Amino acid sequence: MRYYLAPMEGVTGWIYRRVQHECFPAFDKYFTPFLVPRQKKVFSAKEIRDILPENNEGMALVPQLLTCRAEDFIRGARMLAGYGYREINLNLGCPSGTVVSGGRGAGFLGRPKLLKEFLDEVFSAFPEPAEKEGGMDISVKTRLGMEDAEEFVPLMELYRQYPLKELIIHPRVREDYYGNRPDWDAFGKALSGTPFPVVYNGDLFTVSDLTRFRKRFPGVDAVMLGRGAAADPSLLRQMRGGEALSAEELQHFLDRLAEAYAEVLSGERDVLFKLKELWSYLGWLFPENQAELKRIRKTQHLSEYRAAVRNLFRIDNGGMKC
Ligand SMILES: Cc1cc2nc3c(=O)[nH]c(=O)nc-3n(C[C@H](O)[C@H](O)[C@H](O)COP(=O)(O)O)c2cc1C
């Protein structure tokens, strides 16, 4: 089984990925949170930092683009090729209101004619796969549709017309956001007659979730982990048969992360914001400690934050749920 770290805007940026990679076994692939290629200055300074090879050393990183304009995708992909990237992922899953109303992300799934034109243009700009000189692999991360899983049948017919490197399926519709359950029946239907590898993504939070998935889909050999990996940074190791997370390990990871954010971000507030955002997932490890988690959320300064985290570990006494 191969394991990918999911792109999570605001969570799995380069600093997080680097510290995660330093402290835990490596994922087979990492994806950047979506980058939005624009006409003039193709990427923002923040986006460039996210993809700079020296910020991502030793990792197999795939940049992800979010756009519904083929020319912007092509321009972005060419720029990324200049940094050495040979695979680009297209985001067809983002459910956020502004993204969808602009016809991007999951919103693109509701406009299949335009999506076909987009893919035609992109694949004629990049007709060769990465193994050929000057070639580029294109992969897609998709939901099932906007409102109804039935939309996925024609969408799969469309995808099958292109030489995708792989198709990552998060089997929810846009309307689900992250609620309801991933639709495994719809996912299963997408597997037959598909000429490229299919990767599964959605609600794999524990080793037993993975076991259940593998039993049902023994032919799928790659999965992508998002919130589960953010909640427990040792999840991949456990899925590979390794040890559970220890309190010391988590403390070390958090210290490294705080240091790394402080080196790069300008103020204490920004560092705290990042750390607290991660705690909205890490909190899953401490279901019995809501008061201590709230204290972490309320902190205004790093010194207070550190004391609140120390307090949580003291109270919890090593009994994390992982
Ligand atoms: C806060 C947050 C940010 C996300 N940002 C992205 C993104 O930039 N690109 C993307 O394709 N998916 C994004 N996703 C979706 C995840 O990659 C993933 O598909 C989703 O969380 C389901 O997988 P999981 O159940 O393993 O978390 C985001 C999800 C969350 C919760």
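Reader: How far does a polar side-chain atom of Arg227 lie from an oxygen atom of the ligand?
Author: Happy to start there, with the reminder that this is a predicted model. Arg227 is listed among the closest of the residues around the ligand. Its contact comes from a polar side-chain atom, and the distance to a ligand oxygen atom is 2.7 Å.

Reader: And how far from a ligand oxygen atom is the polar side-chain atom of Asn201?
Author: Asn201 is also one of the closest residues to the ligand. Here again a side-chain atom is involved, and the separation from the ligand's oxygen atom is 2.6 Å.

Reader: Which residue has a polar backbone atom 2.9 Å from an oxygen atom of the ligand?
Author: Arg227 and Asn201 each use a side-chain atom. For a backbone atom at 2.9 Å from a ligand oxygen, look at Gly226.

Reader: How many residues surround the ligand?
Author: The closest ones are Pro7, Gln64, Asn201, Asp203 and Arg227. Counting everything around the ligand gives 19 residues.

Reader: Are H11 and H12 roughly parallel or antiparallel to each other?
Author: H11 covers residues 247–264 and H12 covers residues 268–282, and their axes are 9 Å apart. The packing angle is about 150 degrees. Angles over 145 count as roughly antiparallel, so the answer for H11 and H12 is roughly antiparallel.

Reader: How many residues of the contact of H11 with H12 are charged?
Author: From H11 come Leu250, Phe253, Leu254, Leu257, Ala258, Tyr261 and Ala262, and from H12 come Val271, Lys274, Leu275, Leu278, Trp279 and Leu282. Of these, 12 are nonpolar and none is polar. The charged count is 1.

Reader: What about H3 and H5: roughly parallel or antiparallel?
Author: The axes of H3 (residues 70–82) and H5 (residues 112–125) come within 9 Å and cross at roughly 30 degrees. Angles under 35 degrees count as roughly parallel, which means that H3 and H5 are roughly parallel.

Reader: Is the crossing of H3 and H5 left-handed or right-handed?
Author: In this pair, Ala70, Glu71, Phe73, Ile74 and Arg78 of H3 meet Phe118, Glu121, Val122 and Ala125 of H5. That contact has 6 nonpolar and 3 charged residues, with no polar ones. As for its hand, the crossing of H3 and H5 is right-handed.

Note on methods:
Residues are numbered from 1 along each chain as its sequence is written. This is a predicted model: local features need pLDDT of at least 70, side-chain atom pairs count only at pLDDT 80 or more; totals for chains, interfaces and linings use all residues. Side-chain values use heavy atoms; hydrogens and water are left out. Axes are lines fitted to C-alpha atoms, for helices over the stretch in contact, and angles run from 0 to 180 degrees between N-to-C directions. Helices (H or I, at least four residues) and strands (E, at least two) are DSSP runs, numbered from the N terminus. Angles under 35 degrees count as roughly parallel, over 145 as roughly antiparallel, 65 to 115 as roughly perpendicular and the rest as oblique. Contact means heavy atoms within 4.5 Å. Ala, Val, Leu, Ile, Met, Phe, Trp, Tyr, Cys and Pro count as nonpolar, Asp, Glu, Lys and Arg as charged, and the others, Gly among them, as polar. A residue is near a molecule or strand if one of its heavy atoms lies within 4 Å of it. A polar contact is a pair of N or O atoms within 3.5 Å; within protein, one must be able to donate a hydrogen and the other to accept it, and residues adjacent in sequence count only if both atoms are side-chain atoms. A crossing is left-handed if the near helix is turned anticlockwise from the far one by less than a right angle, and right-handed if clockwise.
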